Amino acid sequence: MSCAAVWAPPSGLSRHPGNSFPLPVGKRQGRASYTFRVCASAGDADEGSGGIPLRMVLHNSLDAAGVATEHARAAREGFAKQIGRLTRLNAESSIAISRGADLARTALCIAAEDDSLVSHSSVPLPVDAFIARLDDLSTGFLAAGFLPPSGAPPEVFFDHLDRYLFGYKGFRRSNEMSDARAIYLHSALTCRSGSALMLSLIYSEMLKTLRLYGLLDFDEEISFPHDHNSLPRGYDKQKSKLSDEPNIMTSKSLLVEILQTLKGMFWPFQSNHSSSLFLNAVAAHHDGPGNAGNSQARPHGNISAIEMAAAKAAQHRLMRGVWTNVRFGDMRRALAACERLVLLNHDPRELRDYAALLYHCAHYEECLQYLTSYQTATVFQPKSSPLEILEDDAVATLRARVSLILAEDGWTRRRHTASYWTKNSEPW
C-alpha cells in the first residue's frame, strides 16, 4: 500500500531514452492538469475509496503566463513516481536501509523542478550525472585507501568513513536558512556543503552502495543531528540504545523535512515568526486577494525602505531566471513545495497551507476545494491549543471570504492564471 496520495499524471508524457526525466511531448497548449485524489489514509489511496480529485495549478498557471514548464513537469513526474514506491512499511524504515523510493533521485527531482522554475534554463538539471557523482563518492572511499582491514569492528569502519567524507573530501555543514542552496542535493554535491538533511542523505547513499559491494557485515544506522553544528554519524545498530531512536531519520520523514524546510524558506508571508505560516498568509489578506506580488513586504511594519527595495529587486531577478536569496520568499517554489507535500499525503494541514497560497494567486475555486478537503479530513480532530483554535477560525474566515468572492455577480469562471506572474515586470 502506498503512503502517497493517488496521483494522475498529465497526458502526453512519454519516456525518452537518455534523458534524466520523462519529457512532455508537444506544445504547452492543451496539456492536462496535474490531479490527485486526497485520501484519509494510505490504505484508502490503494483501495481507491473516498477521495476527491483536486487540481494542482502551478505549472498550468505558469504556462498561461508564457513561462516554459517542460522540465518542471518532467521533474514533478519523476518525484511522483518515486514517492509512489513508498509503502507504509518502507516509508517508516531508516534512511540507512532506504527501501522503496530512491531517496537521492527523489531529492534531485525536487532540486530539478525548483531549478527549472527559477533558472529559465533550456536544459534540465542533469540528475543522472549527480547520481553518478554519488556513486563516485563511494568508489572513491575504496580507491583512496580508506576501507579498513577485513574484520575491523564497526566503530573503526565508521571512523574511516567519517574521515573520508568530512576530512578528505571536505564536506561540511551549512545553514539552510542563510543559503537556500544548502537544502538541494545537487548543490551539496557540487559545493561540498549542505544542510544536515543533505549530508545525512549523502551518508546513507554511500552506505547503500558499500552494502551492495558486500563490504558491510553488520547492521548500520545513522544518527541524525538535531542541533545546529553536529554532523551525521553512523553506528552499529546492534549496540543502539533506546535514547538513539529520536535521532533515526526515516525515508518519508526525510522527504517531509526537506519539503517543509523549502516551504518555510520560500513562504511569501514572513510577518510573524512566532505564528504559523498559514496565519501569516491569512493576515496578509488586507492587501487584497491576488496582490501578494505587490505587497508581500507590507505586513512587516518594522522593515526599512532599503530592505523593502532589496526584496523587490530580488523578486525582479527571480522573474528573470537569476538565482538569488529572497528575504520575503518566492511564490513559485513555495507553491511547488506545497504541491509535493500534498502528494506525499503526510498531513491534512498541507491542504490548508496550499489553499492559502492559492487564494493570494486568485485561484479561488481551487482554494475553496482544498479548504473543504482539509475541513473534511480534520472534522474529527479536536483543536486544543490556542494556535490550533486560531488557525481553525482563520480557515473558516478564509473559506467564507472565498465563497463570497465566487458568489459575486461580476465573477466569471474565466481563469486569471497569468495575472500573478506577469504583474510588476519592473522592480521599482
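Q: In this predicted model, is the crossing in which helix 3 passes helix 14 right-handed or left-handed?
A: The structure is a predicted model. The two axes, those of helix 3 and helix 14 (residues 331-344), come within 10 Å. The crossing in which helix 3 passes helix 14 is right-handed.

Q: How are helix 3 and helix 14 oriented to each other, roughly parallel or roughly antiparallel?
A: The axes of helix 3 and helix 14 cross at roughly 25 degrees. Angles under 35 degrees count as roughly parallel. Helix 3 and helix 14 are therefore roughly parallel.

Q: How many charged residues are in the contact of helix 3 with helix 14?
A: From helix 3, Arg 76, Phe 79 and Ile 83 take part, and they meet Ala 336, Glu 339, Arg 340, Leu 343 and Leu 344 of helix 14. Five residues of this contact are nonpolar and no residue is polar. The number of charged residues is three.

Q: Which helix gives the most residues to the lining of the second largest cavity?
A: The structure holds three cavities of 30 Å³ or more, and the second largest has a volume of about 40 Å³. Eleven residues line this second largest cavity, and the closest to its centre are His 71, Ala 112, Ser 116, Pro 124 and Leu 125. Two elements, helix 3 (70-83) and helix 5 (103-119), give two or more residues to the lining. The element that gives the most, with four residues, is helix 5.

Q: How many residues in the lining of the second largest cavity are polar?
A: The lining of the second largest cavity includes six nonpolar residues and one charged residue. The number of polar residues in this lining is four.

Q: Is helix 7 oblique or roughly perpendicular to helix 9?
A: The axes of helix 7 (residues 154-168) and helix 9 (residues 196-212) come within 12 Å and cross at roughly 125 degrees. Angles of 65 to 115 degrees count as roughly perpendicular, and those over 145 as roughly antiparallel. The orientation of helix 7 to helix 9 is therefore oblique.

Q: How many nonpolar residues are in the contact of helix 7 with helix 9?
A: Helix 7 passes helix 9 in a right-handed crossing. Helix 7 contributes Phe 157, Phe 158, Leu 161, Asp 162, Tyr 164, Leu 165 and Phe 166 to the contact, and helix 9 contributes Leu 199, Ile 202, Tyr 203, Met 206, Leu 207 and Leu 210. One residue of the contact is charged and no residue is polar. The number of nonpolar residues is twelve.

Key
Residues numbered from 1 in each chain as written. Predicted model: local features only at pLDDT ≥ 70, side-chain atom pairs only at ≥ 80, totals over all residues. Heavy atoms only, no water. Axes fitted to C-alpha atoms, helices over the stretch in contact; angles between N-to-C directions. Left-handed = near helix turned anticlockwise from the far one by under 90°. Contact = heavy atoms within 4.5 Å. Nonpolar A, V, L, I, M, F, W, Y, C, P; charged D, E, K, R; others polar. 1 Å grid on protein atoms, 1.4 Å probe; cavity = no way out; pocket = protein on both sides within 12 Å on 5 of 7 lines; lining within 4 Å. Points joined across faces, edges and corners; volume = space filled by probe spheres on them.
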